[in-house]
Amino acid sequence: MNLLKIALLQISPCKTLKENLEKGIQYCKKAKESDADIVLFPEMWSNGYNIYDRPVNEWKAEAIPVNSDFVNAFGNLAKELNIAIGITLLEKYENAPRNSFILFDRFGKQKFIYAKVHTCDFSVEQNLTPGEEFYVTTLDTSCGEVKVGAMICYDREFPESARILMLKGAELILVPNACPMEINRLSQLRGRAFENMTAIATCNYPETVPDCNGGSSVFDGVVYLPECENSRDTCILQADGAEGVYIAEIDLEQLRNYRGNEVHGNAYRHPQKYSILTNTKIDKPFIRDDYRK
């Protein structure tokens with residue numbers, strides 16, 4: 001059995017970048033003690049997603065570059081612990097910061113930098129620079145190679161995010177998060193996993209953090225098994241609200257066999273009929289007409 005261990009660090013942030021670095025390192029080491037292959041942080045860990053109810057210029061000043069000591073420390077730690085680490089940050093970037101995720105492999109090599117594409121432009125995130133692309137990489141782990149992609153929080157609410165990652169080959173999607181994980185958002189993650197035959201791991205902040213409630217989750221994406229008469233629950237981990245390291249094991253062999261035989265994902269798509277999805281000249285959208293072009 002080829003089991004990939006994912007550690008979700010559902011932990012509360014501290015008051016300073018230095019403290020967040022120290023706490024992040026501490027919890028990565030705890031994850032290693034559980035033999036995790038991949039460690040995932042909640043959204044914007046460098047400053048604890050502390051961008052609400054504050055002057056914009058104040059939190060913008062907390063943005064850090066991708067080659068900062070903070071980021072490099074996690075790259076070095078990944079190599080030291082022989083574990084992949086997905087670290088999140090408010091990234092210093094050109095005219096306005098980005099909400100970013102950096103994935104290091106177990107050799108300390110940076111695999112990609114993903115910036116949140118669907119920033120929450122109805123709120124304070126309109127002051128961020130949105131990302132332009134979704135990335136998938138082949139990650140070398142102790143249980144073999146796995147194709148990994150990422151999306152962040154609100155990206156979940158757009159089926160296109162996970163669909164693109166699936167089309168790029170993702171077997172596992174890592175999702176840093178910072179919002180209440182209630183039934184509808186959990187249903188979105190369940191749906192993204194189901195329709196793309198893709199495992200999805202989401203790491204949220206605990207209930208001690210304002211506007212968060214824990215609920216970190218892992219859906220393995222495998223709905224049907226030969227030995228099961230009916231469909232199965234794809235949720236293999238659902239955290240409560242408490243702070244902690246939550247470990248889930250994904251059976252990669254099972255997932256790959258399922259993807260090779262089932263009818264979802266890319267099996268029976270008709271992309272030539274979907275042109276309206278990328279047509280930017282439609283007079284009106286379905287619901288609102290104040291959307292950003």
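Let me start with a single residue, Asp 35, which counts as exposed because its relative accessibility is 51%, where exposed means over 50% relative accessible area, buried under 20%, and partly exposed in between, using a 1.4 Å probe and protein chains only. The phi of Asp 35 is positive, near 65°, in a residue other than glycine, and Asp 35 lies in the loop between α1 (17-33) and β2. When I name helices and strands I mean DSSP runs numbered from the N terminus, with helices being H or I of at least four residues and strands E of at least two.

Before going on, I should say that this is a predicted model, in which local features need pLDDT of at least 70 and side-chain atom pairs count only at pLDDT 80 or more, while totals for chains, interfaces and linings use all residues. Residues are numbered from 1 along each chain as its sequence is written, and side-chain values use heavy atoms, with hydrogens and water left out.

A comparable case to look at is Glu 94, which is not a glycine and yet has a positive phi of about 40°. Glu 94 sits in the loop between β3 and β4, and with a relative accessible area of 70% it is exposed.

Now to the sheet. It is an open sheet of six strands in the order β5-β4-β3-β2-β1-β12, and its pairing is mixed; two strands pair if DSSP finds at least two bridges between them. At its edges are β5 (110-115) and β12 (244-251), each of which pairs on one side only. Neighbouring strands of this sheet are turned by 20° against each other on average, with direction ignored, the axes being lines fitted to C-alpha atoms, for helices over the stretch in contact, and the angles running from 0 to 180 degrees between N-to-C directions. Within the sheet, β1 (residues 3-10) and β2 (residues 38-40) run parallel and are joined by three bridges, and Ile 6 stands opposite Ile 38 in β2.

Two helices that pack on this sheet deserve a word. Helix α3 (residues 69-81) touches β3 (84-91) and β4 (98-104), and its direction makes about 180° with that of β3, where contact means heavy atoms within 4.5 Å. Helix α6 (residues 252-261) touches β1 and β12, and its direction makes about 50° with that of β12.

Staying with α3, its 13 residues should span 18 Å at 1.5 Å a residue, and its end C-alpha atoms are indeed 18 Å apart; the expected span is 1.5 Å times one less than the number of residues. Its buried residues include Phe 70, Phe 74, Leu 77 and Leu 81, and what covers the buried residues of α3 includes α1, β3 and β4. The helix is followed by Asn 82, whose phi is positive, near 60°.

Helix α5 (residues 183-196) can be described along similar lines: it has 14 residues and reaches 20 Å from its first C-alpha to its last, close to the 20 Å expected. Among its buried residues are Leu 186, Leu 189 and Arg 192, and the buried residues of α5 pack against α4 (159-167), β9 (199-203), β10 (217-219), β11 (235-238) and α6. Just after α5, Met 197 takes a positive phi of about 50°.

What does the interior look like? The largest nonpolar core has 51 residues, of which Leu 4, Leu 8, Phe 101, Leu 172, Ile 173 and Leu 174 touch the most other members; a nonpolar core here is a set of buried Ala, Val, Leu, Ile, Met, Phe, Trp, Tyr and Cys residues joined through side-chain atoms within 4.5 Å. Leaving aside neighbours within four places in sequence, Leu 4 is in contact with residues including Ile 38, Cys 143, Leu 172 and Ile 250. Apart from that core lies another, of 37 residues, among them Trp 59, Tyr 205, Val 209 and Cys 212.

Trp 59 also appears among the contacts of Ile 51, which, leaving aside neighbours within four places in sequence, touches Met 44, Trp 59, Val 124 and Glu 125. Ile 51 lies in the loop between β2 and α2 (56-60) and counts as buried, at 0% relative accessibility.

Finally, the cysteines. The structure holds zero disulfides, a disulfide being a pair of cysteine sulfur atoms within 2.5 Å. For Cys 143 the nearest cysteine sulfur, that of Cys 28, is 18 Å away, and Cys 143 counts as buried at 16% relative accessibility.
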